[in-house]
Amino acid sequence: MRLLVTAGRGGRRAIGPGLISNGHLHLRGSGRIRIGAGANAWARAEPNFLTTLNAAAVIDIGDNVRLNGCDIQSAVSVTVGDHCILGSCIIVDTDYHSVEVDRRQQAAVVESRPVVIGHNVWVAGRATVLKGVTIGDDSVVGYGAVVTTDVPAGVVVAGNPARVVRKLYAQS
């Protein structure tokens, strides 16, 4: 498989043992991408795209993560914890273009902030996780949700913008 042959080129790629893929995993960009042990990137409909937008950008995927058509784009840092499921979602840590009125000017400031997805998180299809968001362990991001703020551990969020619709942990 070509992915395994090019994985270590220049120290920018690290792929743990046991990766399962049907060729629908695309690693792009000059930054660093790490995929942990036991990852499953066997995508059915949409391919998986992991793209770093510059040489300083990092995408770090934990162990035993299921990638099923996700699109992760990093200008700074996107971290995905162990045992996560990423459906055909979009995770991005940058605006790409300034949202200010000077956005067409070359010197316009583009805002980027790291994204952190905890352990055992499920991000469902068509969901979008935007810059600066941290999603707590064990949480679920519902189909089509747009996550603009942090998500606590052990909850289900849904909607646009995403909001907590259910708690997953039993009350003690």
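Here are some questions and answers about the strands and a few unusual backbone spots in this predicted model.

User: In the open sheet with the order E3-E6-E9-E12-E15-E18, which are the edge strands?

Analyst: This open sheet has six strands, and the pairing is parallel. An edge strand pairs on one side only. The two that do so here are strand E3 (25–28) and strand E18 (146–147).

User: Which residue in E6 stands opposite Arg28?

Analyst: Start with the strands: E3 and strand E6 (residues 48–52) run parallel and are joined by four bridges. E3 covers 25–28, and Arg28 stands opposite a residue in E6, namely Thr51.

User: What is the strand order in the open sheet that contains E1 and E16?

Analyst: Strand E1 (13–15) and strand E16 (134–135) are the edge strands, each pairing on one side only. The sheet is open, has six strands and pairs in parallel fashion. Its order reads E1-E4-E7-E10-E13-E16.

User: Which residue of E10 is the bridge partner of Val58?

Analyst: Strand E7 (residues 58–61) runs parallel to strand E10 (residues 77–80), with four bridges joining them. Ile61 of that pairing stands opposite Val80 in E10. For Val58, the bridge partner in E10 is Ser77.

User: And which residue in E13 stands opposite Val78?

Analyst: E10 also pairs with strand E13 (residues 115–117), in the parallel sense and over three bridges. Val78 stands opposite a residue of E13, and that residue is Val115.

User: Where is the cis peptide bond that leads into Pro161?

Analyst: Most peptide bonds are trans. Pro161 is found in the loop between strand E19 (155–158) and strand E20 (163–167). The cis bond has omega near 0° and runs from Asn160 to Pro161.

User: Is His83 buried, partly exposed or exposed?

Analyst: His83 is found in the loop between E10 and strand E11 (85–86). Its phi is positive, about 60°, although His83 is not a glycine. Buried needs under 20% relative accessible area and exposed needs over 50%. His83 has 44% relative accessibility, so it counts as partly exposed.

User: What is the phi of Arg126, roughly?

Analyst: Most residues other than glycine have a negative phi. Arg126 lies in the loop between strand E14 (122–123) and strand E15 (128–129), and at 45% relative accessibility Arg126 counts as partly exposed. Arg126 is not a glycine, yet its phi is positive, at about 65°.

Notes
Residues are numbered from 1 along each chain as its sequence is written. This is a predicted model: local features need pLDDT of at least 70, side-chain atom pairs count only at pLDDT 80 or more; totals for chains, interfaces and linings use all residues. Side-chain values use heavy atoms; hydrogens and water are left out. Two strands pair if DSSP finds at least two bridges between them. Buried means under 20% relative accessible area, exposed over 50%, partly exposed in between (1.4 Å probe, protein chains only).
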